[in-house]
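This report is meant for a reader who has not met this structure before. Please look over the sequence and the model shown here before reading on.

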There are 2 protein chains.
Amino acid sequence: MPEFLRLVPPKEAVARWLQAFPTEPPVERETIPAAEALGRVLAQPILSPHALPAFPRANVDGYALRAENTFGASPSLPSYLRVTAEVPMGGTPSGEVGLGEAFLVHTGGMIPEGANAVVMLEDTQTVRPSEIEVYRPAAQGQNVIAAGEDVEAGEKVMDAGIRLRPQEIGGLLALGVTQVAVYMRPRVAILSTGDEVVPPEVEPRPGQVRDINSFTLASLVTRSGGAPILGGILPDRFDVLEQAAREAHASCHMVVITAGSSASARDMTASVLSRLGEPGVLVHGLSVKPGKPTILGIAGDVPLVGLPGNPVSALVVAALTLVPAIARLGGAKVAIPAGRIRARLTVNIPSEAGRDDYVPVRLEATPEGWLAEPVFGKSNLIFTLVRADGLVHVPADATGWAAGALVDVEPF
Amino acid sequence: MPEFLRLVPPKEAVARWLQAFPTEPPVERETIPAAEALGRVLAQPILSPHALPAFPRANVDGYALRAENTFGASPSLPSYLRVTAEVPMGGTPSGEVGLGEAFLVHTGGMIPEGANAVVMLEDTQTVRPSEIEVYRPAAQGQNVIAAGEDVEAGEKVMDAGIRLRPQEIGGLLALGVTQVAVYMRPRVAILSTGDEVVPPEVEPRPGQVRDINSFTLASLVTRSGGAPILGGILPDRFDVLEQAAREAHASCHMVVITAGSSASARDMTASVLSRLGEPGVLVHGLSVKPGKPTILGIAGDVPLVGLPGNPVSALVVAALTLVPAIARLGGAKVAIPAGRIRARLTVNIPSEAGRDDYVPVRLEATPEGWLAEPVFGKSNLIFTLVRADGLVHVPADATGWAAGALVDVEPF
């Protein structure tokens, strides 16, 4: 019996289907060590328990001093300062920087009381054991990372629903957040059907073929952040298939059936899926090749997918349907698609010729396409990368990109 | 003391460094279930133990017959055939298709002896219980997947060094290859240094900061297929650092040290790394921002990396250096870079308007850029996807892409 399907464009079909999903993620939460949470989806917003850095820090190796003591300094007319102490790494400076004084400080060291700037070693010369010449005027705040410059106390630094990347793991631990609540992986039931299908470890008899779809789909589910639950191979019998589908529906967050290859087997899949609950089958047939005889539905809060039996069709359609569904069921708010994105720069990115630059940017969707907004920040600040969606590369033979230029944003 | 580095462009530096790597992967092999091998690197080529499919199969629902019995058939002058049997799914046909005869066959069913083509149900009409009219002539081999059309017996279907995707998992199991030899993950030692650095679970005293780099780098290593071995936080003392580096060198496949932030701490890292073995430090200083004070070296067969202490610099440079290094140490032959690739089509891809097409393509690097060669194949053939590097999308409003067109290839 030929099928007469009302074909729906795949993008529209998936959008319509996702709209019928439960609004809250149906999965449980668990609390795990932040250091092991790579790739997991955050189930709580993170508020910073304190400012980062917690104290003002030097951004270079140099001398902490009062900027006003260097005004007008030049190689021909240097400022002279007395070096009265060295800031110990990991400790607090002893005493205060007075007028005409400077403390030796290393990158990352605490800025002592009284000082408001750091001059780089390269702009100084030691003239006596505890006296330096400064050849350049320092501006207030120069080479200083202020307390709270990366993150303020109480600031929301991560939203629930983000998938944790290496920089978020680092950011969490920088704040002492060693345990985080994440969503558990959605359980995706995978049922393969077909009287001709045997498990891979079995030697097929003539007319039989080994199961492929259970394993390609399970791998795709795993890679997409889901937990595949293999329901095995079912014969093309309505009662057996319906029973298995009901059990999967009761215990999993999504049910996927790869139909037998024939039209009658596909019709049986559609009938079984339509009996699992309301609203049932939403889409039967996609205007896509490969993958036309695809079924999308939902029964109660559990999305249903009927995939074609052909392994190539099944895998291609699974990438279009299961991947966004697993993200949604697992609580992930997918604002930015995966992969390289072409975007328009909002401001100039300057760069020196002869140097490769990697500039963190945040992406914003507009009706005219993606905008890339550089996240400028001193290179010590881990939350620069937490705020960024990717990097823009300025190659060595370019001297930067102009505002309005189209650039490639690499996910990072 | 200011640093005077001879800066090397990052691409050149990484290429020079990778050239000094051991030619054979230094990691051990292990044999694991193919169904659990997603993302692992194959350590052996795979030869097909048998043809796939093992028997000729119908590609549609229809009637298996002798093509010559339908020559000249049309709606006004149909061919009449007697339906003498139905091919059971998963079984062998009973008997042979004789002259003027046809067997009912379902998609995936075995082609009976005597038949050499399948006409689709849609091109037939049942006129009596066991007689059909055929309205269209069938060509020899039409709607038949020949034995061995996907894979021949003894054919090399996968090379050692590929990273297994869902389609390779399916392809392995389709051939009954349920166990595979894969490379073990390279062990990457990560040592953080800095007198000011404390573990994340510790409440930092004034002047102290929590360790970030150990965890951002461990996450990146994990995501790239390596096994991070955290060596903890070391004080800025030469003897302690050297001892820890020697132990890491003896037990791991790569040693990564994130230097303390100051120039003197970075110098100490360089000295320690240069004492671990020959040839020692190869590159000291990259013309890249962030990440200039990076060290690349190798001692014996163990690559060495000195990363800047700043978390942003460390993570950006780690993506440039550790990721290709882990691939190489783990036996992965990375021919195709990750992410979307713009490539030139070698031949036309036809497509119907109103339908989204996804066409598997193989990528080839040429001096003029990437070429995309479509892997045409019937949609049943899983090795179509194994041979492909990605998919080209033909949207519904296009009627295909012409040879020579630049298209986006999505990794698949």
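The text below covers the relation of the two chains, their interface, the strand pairings, the core, one helix and some backbone details.

**Two chains and their axis**

The model is predicted. A turn of 180° with a shift of 0.0 Å along the axis lays chain A on chain B, and the RMSD is then 0.0 Å. That is the relation of a two-fold axis. Within chain A, A:Gly339 has the C-alpha nearest the axis, at 2.6 Å from it.

**The interface**

How many residues of chain A are in contact with chain B? There are 77 of them, and they touch 77 residues of chain B. Several elements of chain A each supply at least two residues to the side that touches chain B, among them helix H2 (166-174), helix H3 (213-223), helix H6 (311-329) and helix H7 (382-387). Strands take part as well, including S15 (209-210), S19 (288-289) and S24 (356-366) of chain A. Sorted by class, this side of chain A holds 36 nonpolar, 26 polar and 15 charged residues.

Do the copies meet through the same surface or through different ones? Of the interface residues of chain A, 100% are also interface residues in chain B, so the copies meet through the same surface.

**Strand pairings**

One pairing runs between the chains: S19(A) and strand S24 (residues 356-366) of chain B pair in the parallel sense over 2 bridges. In S24(B), B:Asp357 stands opposite A:Lys289.

Other pairings lie within chain A. Strand S25 (residues 369-374) pairs with strand S22 (residues 341-345) of chain A in the parallel sense over 3 bridges. Here A:Ala372 in S25(A) stands opposite A:Leu345. S25(A) also pairs with S24(A), in the antiparallel sense over 6 bridges. A hairpin of 2 residues joins S24(A) to S25(A), and A:Thr366 stands opposite A:Gly369 in S25(A). The table sets out these pairings.

| Strands | Sense | Bridges | Facing residues |
|---|---|---|---|
| S19(A) and S24(B) | parallel | 2 bridges | A:Lys289 and B:Asp357 |
| S22(A) and S25(A) | parallel | 3 bridges | A:Leu345 and A:Ala372 |
| S24(A) and S25(A) | antiparallel | 6 bridges | A:Thr366 and A:Gly369 |

**The nonpolar core**

In soluble globular proteins, nonpolar side chains tend to be buried together. The largest nonpolar core of this model has 188 residues. Which residues have the most contacts inside this core? They are A:Val255, A:Val256, B:Val255 and B:Val256. Apart from its neighbours within four places in sequence, A:Val256 is in contact with A:Val188, A:Ala189 and A:Ile190, and also with A:Leu217, A:Val305, A:Leu307 and A:Leu322.

**Helix H6 of chain B**

Helix H6 (residues 311-329) of chain B has a kink of about 45°, centred on B:Ala318. H6(B) is mostly covered, with 15 of its 19 residues buried. Just after H6(B) comes B:Gly331, whose phi is positive at about 85°.

**Backbone details**

Most residues other than glycine have a negative phi, and most peptide bonds are trans. Some places in this model depart from that pattern. A:Asn143 has a positive phi near 60° and lies in the loop between strand S9 (131-134) and strand S10 (144-145) of chain A. Is A:Asn143 buried or exposed? The cut-off for a buried residue is 20 or more other C-beta atoms within 10 Å. A:Asn143 has 22 C-beta neighbours inside 10 Å, so A:Asn143 counts as buried. In chain B, phi of B:Asn143 is likewise near 60°, and B:Asn143 counts as buried with 22 C-beta neighbours inside 10 Å.

Two cis peptide bonds can be named in chain B. The bond from B:Leu52 to B:Pro53 is cis, with omega near -10°, and B:Pro53 lies in the loop between strand S2 (46-47) and strand S3 (57-58) of chain B. The bond from B:Glu278 to B:Pro279 is also cis, with omega near -10°, but B:Pro279 is found in strand S18 (residues 279-284) of chain B.

**An exposed loop residue**

B:Glu203 lies in the loop between strand S14 (197-198) and strand S15 (209-210) of chain B. B:Glu203 is exposed, with 9 other C-beta atoms within 10 Å. From B:Glu203 to B:Leu173 the separation is 30 residues in sequence and 51 Å in space, C-alpha to C-alpha.

Conventions. Residues are numbered from 1 along each chain as its sequence is written. Chains are lettered from A and ligands numbered from 1 in the order in which they are written. This is a predicted model: local features need pLDDT of at least 70, side-chain atom pairs count only at pLDDT 80 or more; totals for chains, interfaces and linings use all residues. The bend at a residue is the angle between axes fitted to the seven residues ending there and the seven starting there. Helices (H or I, at least four residues) and strands (E, at least two) are DSSP runs, numbered from the N terminus. A residue is buried if 20 or more other C-beta atoms lie within 10 Å of its own, exposed if 12 or fewer, and partly exposed in between; C-beta atoms are placed from the backbone. Copies are superposed by least squares on the C-alpha atoms of residues with pLDDT of at least 70 in both. Two residues are in contact if their C-beta atoms, placed from the backbone, lie within 7 Å. A nonpolar core is a set of buried Ala, Val, Leu, Ile, Met, Phe, Trp, Tyr and Cys residues joined through C-beta atoms within 7 Å. Ala, Val, Leu, Ile, Met, Phe, Trp, Tyr, Cys and Pro count as nonpolar, Asp, Glu, Lys and Arg as charged, and the others, Gly among them, as polar. Two strands pair if DSSP finds at least two bridges between them.
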